[in-house]
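Here are my notes on the model you passed along. I've kept them short and numbered, so pick out whatever helps.

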Amino acid sequence: MGIKHLKKLDYLLVITTVLLCLFGLVMVYSASFPIASVDFGNSRYFYIKQLNSIIIGFVLMAITAVIPYRVYGKFSPILVLISIFLLIMVLVPWFGVVRNNSQRWLQLGPLLIQPTEAVKLVMIIYFASVYAKKQTYINHFWKGVMPPLFILGTVFLLILKQPDLGTATAILIPCGFILLCSGERAIHLLLLGSIALGGVGFLALSAPYRLNRILSFRDPFADPFGDGYQLVSAYHAIASGGISGKGFGHSVEKLGYLPEAHTDFIMAVIVEELGVFGLLFIIFSYLFIMYRGVRIALKAKNSFAKLLAIGLTFQIMVQVIFNLSAVSGLLPITGVPLPFVSYGGSSLVFMLISIGILVNISWSRHSYTAKTFQPNERNGGKEYGTQHGITNDFAGAKSSLFK
């Protein structure tokens, strides 16, 4: 991509993302400086770490914005194998790091990484790549649909062992969106959706700590100093914020009352300090990102690009819904962070990489000449692009993405 194509960059998507990250950085400082001062003797401890993650994320977003998105599809099988290996390593006592009764992190020298954040992105790429190649026989259930689901099931179970049902479900749903948009038969989707819903429901009720979360979410005031404490504290923060909020830095709940104030429950602090205005800024920013992502998917020139764009977009939005619903008591607490805003290096970096890939998909339709691809005996219709141009739809037919 040359300089002449810079005018075609999706600046609105990039600017919105940057503003959310910077807003999140400021709010991470506000929400974390009390606990950072007490635990680390430095009120800017979490702020500095978040700032470093933002810098790294911005660099990687810029890099992925210029790397052709087809590259990820070609290497998706290798990326899946690496992801499964990392998920296994997390469960090995000598490598996995335990925090808050969960074993979700890997210690690599000075770096503490959460492999599930990378796995979210890898599974989106893998599903988009596989189902784009299966367009000519997508209605064959065992041949066209099931093979990638076995991989997804393996990843789901490995994450469940950490245990982290929230993240496992947050991976499952965007992959389901990709399958939905690939043109699969409605009866197959209904069957798979019923199995997935029933399985997640069973898992949610089968573990005592998950069951307690569900019961406390239904009525947190039944145990306001036990299982319902975090949600009750969030309610206090939100209710006291009112329309205009208490003012930046003036939250009371972050002073040791609200657990995870700078991570999963940062939205409660935002509403307490900035009121409805902070809430509206967050909601409209995410809605705009969703609009740009869906628009990119609709205008993409081939099935892989369409499925990848829709998967990345709904990967972000599913996490937004999980987080905001947990903070407001509409869903049980899942531990899913608020994209671009919550403290957390791994989540932030891979979210920014996702935005970079979306930007590249959008950019690519301006940078290459669209070229309709007709499958032949040599490639069997299993390719979704050519070396010198963007393809349109498989078998010369219209894409079934939004049928």
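1. Which helix gives the most to the lining of the second largest cavity? It's helix 13, with 4 residues. Bear in mind throughout that we're looking at a predicted model.

2. Some context for that cavity: the count comes to 2 cavities of 30 Å³ or more, and the second largest holds about 30 Å³ of space. Its lining consists of Glu117, Lys120, Leu121, Gln315, Ser347, Phe350, Met351 and Ser354. The elements that give two or more residues to this lining are helix 5 (115–133) and helix 13 (345–367).

3. The overall picture, then. I get 13 helices and 5 strands in the protein chain. Of its 403 residues, 53% are buried. Take the contacts between residues at least 6 apart in sequence: 69% of them join residues at least 24 apart.

4. Helix 12 deserves a look of its own. The helix runs over residues 303–328, and its 26 residues should span 38 Å at 1.5 Å a residue; the end C-alpha atoms are 37 Å apart, so the two values agree. Helix 12 is also mostly covered, with 24 of its 26 residues buried.

5. Both ends of helix 12 have something to check. At the N-terminal end, Asn302 acts as a cap, with a side-chain oxygen 3.1 Å from the backbone nitrogen of Phe304. Just after the helix, Gly329 takes a positive phi of about 85°.

6. On to the packing. The largest nonpolar core has 97 residues, and Leu308, Phe340 and Ile357 are those with the most contacts inside it. Helix 12 supplies the largest share of this core, 13 residues. Leaving aside residues up to four places away in sequence, Ile357 touches Thr64, Tyr69, Tyr72, Leu121, Ile125, Leu308 and Leu312. Leu121, in that list of Ile357 contacts, also turns up in the lining of the second largest cavity.

7. Is Asp264 buried or exposed? Asp264 sits in the loop between helix 10 (229–241) and helix 11 (266–299). Its relative accessible area is 17%, and because the cut-off for buried is under 20%, Asp264 counts as buried. Not counting residues up to four places away in sequence, Asp264 touches Asn323, Val327, Gly335, Val336, Pro337 and Ser342.

8. Cys181 belongs to helix 7 (residues 165–181). With a relative accessible area of 8%, Cys181 is buried too. How far apart in space are Cys181 and Gly311, C-alpha to C-alpha? They are 9.3 Å apart, although 130 residues separate them in sequence.

9. Last one, if you plan to look at pockets. The second largest pocket has a volume of about 670 Å³. Its lining is made of 24 residues, and the closest to its centre are Leu152, Leu172, Leu192, Gly193 and Ala196. Two or more residues of the lining come from each of helix 6 (141–160), helix 7 and helix 8 (186–206). Helix 8 gives the most, with 9 residues.

Terms used: Residues numbered from 1 in each chain as written. Predicted model: local features only at pLDDT ≥ 70, side-chain atom pairs only at ≥ 80, totals over all residues. Heavy atoms only, no water. Expected span 1.5 Å × (residues − 1). Buried < 20%, exposed > 50% of the residue type's maximum accessible area, 1.4 Å probe, protein only. Polar contact = N/O pair within 3.5 Å; in protein donor to acceptor, adjacent residues only side chain to side chain. Core = buried A, V, L, I, M, F, W, Y, C linked by side-chain atoms within 4.5 Å. Contact = heavy atoms within 4.5 Å. 1 Å grid on protein atoms, 1.4 Å probe; cavity = no way out; pocket = protein on both sides within 12 Å on 5 of 7 lines; lining within 4 Å. Points joined across faces, edges and corners; volume = space filled by probe spheres on them.
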